[in-house]
Amino acid sequence: MPTPDAAVVERRADIVEALRHIVPGEGVIVSEAERRVYESDGLTAYRQLPLVVVLPSTVEQVAAVLRCCEQFGVKVVPRGAGTSLSGGALPLADGILLGMAKFNRILEIDYDNRCAVVQPGVTNLAITKAVECAGFYYAPDPSSQIACTIGGNVAENSGGVHCLKYGLTTNNILGIEMVLMNGEVIRLGGKHLDAETYDVLGVMTGSEGLLGVVTEVTVRILPNPTTARALLVGFPTTEDAARCVAAVIAAGIIPAGMEMMDRPAIHAAEAFVKVGYPLDVEALLIVELDGPPAEVDYLMGKVEVIVRGHNAIAIRPSRDEAERLAFWSGRKAAFPAVGRISPDYYCMDGTIPRARLAEVLSRMGGLSDRYRLAVANVFHAGDGNLHPLILYDANKPDEVERAEAFGADILRLCVEVGGVLTGEHGVGVEKRDLMGTMFDESDLAHQQRLKCAFDPDGLLNPGKVFPQLHRCAELGRLHVHAGRLPFPDLPRF
Amino acid sequence: MSGFAPADLSELRDIVAEAVAAGESLEVVAGGSKRGLGRPLQLPRSLDLSRLAGIRDYQPSELVLTAAAATPIAEIEATLAAAGQMLAFEPPDWGSLLGLPATAAGRRTLGGVLACNLSGPRRIKAGAARDHFLGFRGVSGRGEVFKAGGKVVKNVTGYDLSKLMAGSYGTLAALEEITIKVLPQPEAVSTVMLCGLDAAAAVRRLSRALGSPHEVSGAVYIPASSAAALTSLSGVSGVAALRLEGPLPSVIFRRERLLAELGSDCGATSLDDESSIAFWRAIRDVLPLAGFGDRAIWRVSVAPSRGAELGEAIARRLDVSWYLDWGGGLVWAAIAGAEDGGAAVIRAAVRGADGRGTGHATLIKGSPELRRSVPVFEPQPPPLAALASRIKESFDPRRILNPGRTVEGG
C-alpha cells in the first residue's frame, strides 16, 4: 500500500474533531479496540488499522465527510459489510474508513415498476426477503448474500451462480444516488431504463469504491420462476464434462445455473454434507433449469440426452425440491468443506474461455506439484468463471508465500488462454499487481484518467486496482508529435 | 467534406494523432445510417471506419463474438443465425423512421449500434446493447490505442469502460474491435394480443404480465391512432401485445396462461411464429411512426407505470401519434406543428406535476435547425453535466472526436 502520509497522521486529532462536527456521538470511532473490528475484510491475509472510522447515517453527512476529507487531503476507504474477497475495503493507516452500515433501510418497493429503492447497507438477501411475499426476488446471488450489502455489490459488480441467465449486478440495477469526493450528490437513472449519452451508472458499477460513494440503489426485481429442477451428472474426465457444458450451450439451452466441481472438491463436499455425490468421478456437474414445468421437463429431457452422449457415468435428476436443494448444498458448502480438510485455503477467481478448461485444469495440476500445494476447483461452468481453492497452512514456513505465488500463476494462466483476472471478486489489493498481465500502460492510463474525472486528488480508495499511482496532472499530459503526416499515402476521399 | 478511411489499427491511431497535433476535429462515421442522430455536426473532416470490417472470432458455445468495429450488423446477424444464435438486444433499423434510402439499412454497423446504445423491444428481458458489450479496442481522442473489458462473458477486471463507450456517440474513442455476448435464438415465438384497451388499462395488463412468471420478452401498447401503420393490426383499435419466446411447449403453456389471466374481459387473440416475427420487427424498427414526413420523433424513457399518463398528457397539448414499448416505459411520439418539436411539453411531462419525475426524452428525428435549437438529449443537472464534461476531457482533451454531438460545446 502507499506509504502513509505522516502529516495526515499527525493531524489526526484535528480531523477527528472536524468529523465529530459532521457525525455526532458514536458515529466517529477513535479507540483502537473499536477500530480493530474494521482492520480487514474477507481477504483476511491483509490487515491495517484505519486512522478513524466514520459511520454516517444520511447522505448530507456523507457529502460533508467527503468534503471535509478533501479539504484535509485525507484518503477515504468506503466499506459495506466488509465481505470483499479481494481487499477492496482494506483500510489505510492515513485514511478514514467510511462505514455505510447505518444506511440499512428499504425505502420503497414498487411492484408496478418491478423495482425496489434501498439504502446501500441493506444486505443482498434482505432485498429478496422483502419482496418474496409477492413472488419476486433480486437475481444476483453472491454466496455471501446473507451478509454482503447491495452497496458493496454495486462497487464490486457482484455475480453469483445464476449470472449466465440473469446477469451480474450491472444488469440488475436501474439507478443510484452517489456522492463524489468533492461532496457533490449525483443521481443516476431511476425507475426508467438506460442512460442517455455517458453511462455513468454502468461505469460506477464495479469501480471498487474508487469513483464515488453510493448512498441509494434502485434495483430491478424479477418474478420467481414457477419451478426449478437440477440434474446431477458425474463424468470420468474433466474433458468430458467441459465438452458436455459446451454442447448444452451449443444446443441453445441457457441453464439457470451450471456448476462444475473437480475430484478434490467433490470429495471434500461429500465428506462434509453427505448428499450422495458420486465419488468415482473426475468431474461433477450440476445443471439447473427453471421456468414453467412444461419448459423444465422438456429441457431436462434434452440435457439428459446431451450428457449421455458425453460419457456421463452417473445421472440423477432431482425428484423434488428437497433433492434439488440437497444437490446444491454440497456445492454451496464447497468452501467450508475445503476449510475442514485444510487449515487455510485461498480462493481464486479467474474467467477463461470454456473451451480451454481441460487444458487449464491440467496445467494447474502441474503448478500444484511444483508449489507442493493441493488445489480443489469449483467452477461456474456456464460462464467460464473458475474458483480454484488453494490449500495451505499459514503456520508452516513459507506456505502463505507459496500459496500466493501459486494463485498469481493461476491467474496469469487464465489471461494467457484468453481469459481475465477476475470474474466477480474484483481486483482490490489482491490482484492489483497482476493488472499488467492483462492491460498495458496505455490501457491503465485511460482507466486512471477516468478516475481523475471523479476524484482529481486520488483520495478515494487509493492503492486498490491500479499497480501504480500517478498524479492526474502527469496522466493528463498530452504528447503531441507535430509535423509531417506519418502516412502521406493514406487513402483519403 | 474530405476524410480519412484507415485500413487498420495503426492507421487509425496515426490519423487521430495527426488530428490531435493539428487541433482538427473529426466526424466519426462508418455506415452513416445514424448520422442524423444527436446534434448536427459541421466538421471539416470525417473519419470513416468502414474498412475496419469483418468477424474475427466466433465460437458459438462460448457465447462470444469478436469483430472489427464497422462490421455490418447484417453480416453478424447472418453468421449468428447460421449457428442458431442472435444479438439478444435486437438492434433496431431506424432507416424507415429516419427516412433514409433503403440501401442505408444494410450499412448499419456493430460499432454504430453500440456507440448509440440502441436496443429493441427485448430490452425489458434481455438487457440493452450495453449489457452485451464485453470489451473493445480503439483509439481515444488523445490519439492513443487502448483496450478495456475482455473476451469472456464474465469479467470485472478494471473499470467497465465498455459501458461508457455504449451511448457515447463516438465522442470518447474511435472503436476498432468489439467483443459482444451472443445468445441462442428462441425455438418458438408467439404473441398474445389484447384488443380494445385504453392506455391506462393496457399498461396495467402489461405490468401484470411482466410481473408474472411467464417471461414476457416484448410488451407494447399501440393506440388506435397509430395502429394503421402495422398491417397485421389494421382495423383493430387499442392493442396491447405481449411476446413469449422459448422452447415450444413452454411458449404454448405460457400463451394459454396469459390469455386466461389477461384476456378474459377484452378481445384477445394470438399471433403465430411468422406473424410474431414480422410484428416485433416492425416494433423494433418503430414502423408505427415511420412515414410521417417531417414530424419530430421523440423517444422517452420513464418508469413503466407512467407511460400511459405521459402519452396522454402529450396528446392533450400537441398534435401527436404515439405508442408505448417496454411495458409502458418507452414512449415513442411523432409531433406535428410545434415550433420546438414539442420539446417543452414533452420534457415538462417527464418531470411530472411535482417536478420529481425521472426519465429522459431524446429527439430522434428533426431538422438540423431543430436539433441545433433544442437539446437533443435531456439536459442534465449541473454536477452531472460537469462530470460528463470531465469524462470527455479525460479521453479527448482537445475535443477531436465528434465534438458537440451530444451537448453544445461538449
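Two strands pair if DSSP finds at least two bridges between them. With that in hand, we can walk through this predicted model, starting with a hairpin in chain A.

**The hairpin and its neighbour**

Strand 5 (residues 106-110) and strand 6 (residues 115-118) of chain A run antiparallel and are joined by four bridges. Together they make a hairpin, with four residues sitting between the two strands. One of the turn residues, Arg114(A), has a positive phi of about 50°. If you want a register mark, take Asp110(A), whose bridge partner in strand 6 of chain A is Cys115(A).

Strand 6 of chain A has another partner too: four bridges tie it to strand 10 (residues 213-220) of chain A, again antiparallel. Here Ala116(A) is matched with Val219(A) in strand 10 of chain A.

**An open sheet in chain A**

Chain A also has an open sheet of four strands, ordered 1-2-4-3, with mixed pairing. Its edges are strand 1 (28-29) and strand 3 (75-79) of chain A, each of which pairs on one side only. Strand 1 of chain A is held to strand 2 (residues 52-54) of chain A by two bridges, and the pair is antiparallel. Val28(A) has Val54(A) in strand 2 of chain A as its bridge partner. Helix 2 (residues 12-22) of chain A lies across strand 1 and strand 2 of chain A, at about 10° to strand 2 of chain A.

Where does Ile96(A) sit? It belongs to strand 4 (residues 95-99) of chain A. Ile96(A) is buried because 29 other C-beta atoms lie within 10 Å, and the cut-off for buried is 20 or more. Leaving aside residues up to four places away in sequence, Ile96(A) touches Pro50(A), Leu51(A), Val52(A), Val54(A), Cys69(A), Val74(A) and Val76(A). For one of these, Val54(A), the C-alpha atoms are 6.9 Å apart although the two residues are 42 apart in sequence.

**Two loop residues with positive phi**

Most residues other than glycine have a negative phi. Two loop residues in chain A go the other way, and the table puts them side by side.

| Residue | Phi | Loop in chain A | C-beta neighbours inside 10 Å | Class |
|---|---|---|---|---|
| Thr197(A) | near 50° | between strand 9 (185-189) and helix 8 | 26 | buried |
| Asn311(A) | about 65° | between helix 11 and strand 15 (314-317) | 15 | partly exposed |

The class of Thr197(A) follows from its count: it is buried because it has 26 C-beta neighbours inside 10 Å. Asn311(A) has 15, so it counts as partly exposed.

**Where the chains meet**

How many residues of each chain are in contact with the other? There are 85 from chain A and 88 from chain B. On the chain A side, at least two residues each come from helix 8 (200-204), helix 9 (238-250), helix 11 (293-308), helix 16 (435-438) and helix 17 (441-454). Helix 17 of chain A gives the largest share, with eight residues. Sorted by class, the side of chain A that touches chain B has 40 nonpolar, 30 polar and 15 charged residues.

**Chain B as a whole**

Over in chain B there are 15 helices and 18 strands. Its C-alpha atoms fill a box of roughly 70 × 50 × 40 Å along the principal axes. So is this chain compact or extended? A compact globule of 410 residues would have a radius of gyration near 22 Å, and chain B has 21 Å, so the value agrees with a compact globule. Buried residues account for 60% of the 410 residues in chain B. Among contacts in chain B with a separation of 6 or more, 72% link residues 24 or more positions apart.

**Two helices of chain B**

Helix 8 (residues 199-210) of chain B has twelve residues and spans 16 Å from first C-alpha to last, close to the 16 Å expected at 1.5 Å a residue. Which of its residues are buried? They are Ala199(B), Ala202(B), Val203(B), Arg205(B), Leu206(B), Ser207(B), Ala209(B) and Leu210(B).

Helix 2 (residues 73-82) of chain B holds Ala81(B). This alanine, Ala81(B), is exposed because just 11 other C-beta atoms lie within 10 Å, and the cut-off for exposed is 12 or fewer. Even so, the C-alpha atoms of Ala81(B) and Pro184(B) are separated by 9.0 Å, with their positions 103 residues apart along the chain.

Terms used:
Residues numbered from 1 in each chain as written. Chains lettered and ligands numbered in written order. Predicted model: local features only at pLDDT ≥ 70, side-chain atom pairs only at ≥ 80, totals over all residues. Contact = placed C-beta atoms within 7 Å. Nonpolar A, V, L, I, M, F, W, Y, C, P; charged D, E, K, R; others polar. Rg over C-alpha atoms; globule rule 2.2 N^0.38 Å. Axes fitted to C-alpha atoms, helices over the stretch in contact; angles between N-to-C directions. Expected span 1.5 Å × (residues − 1).
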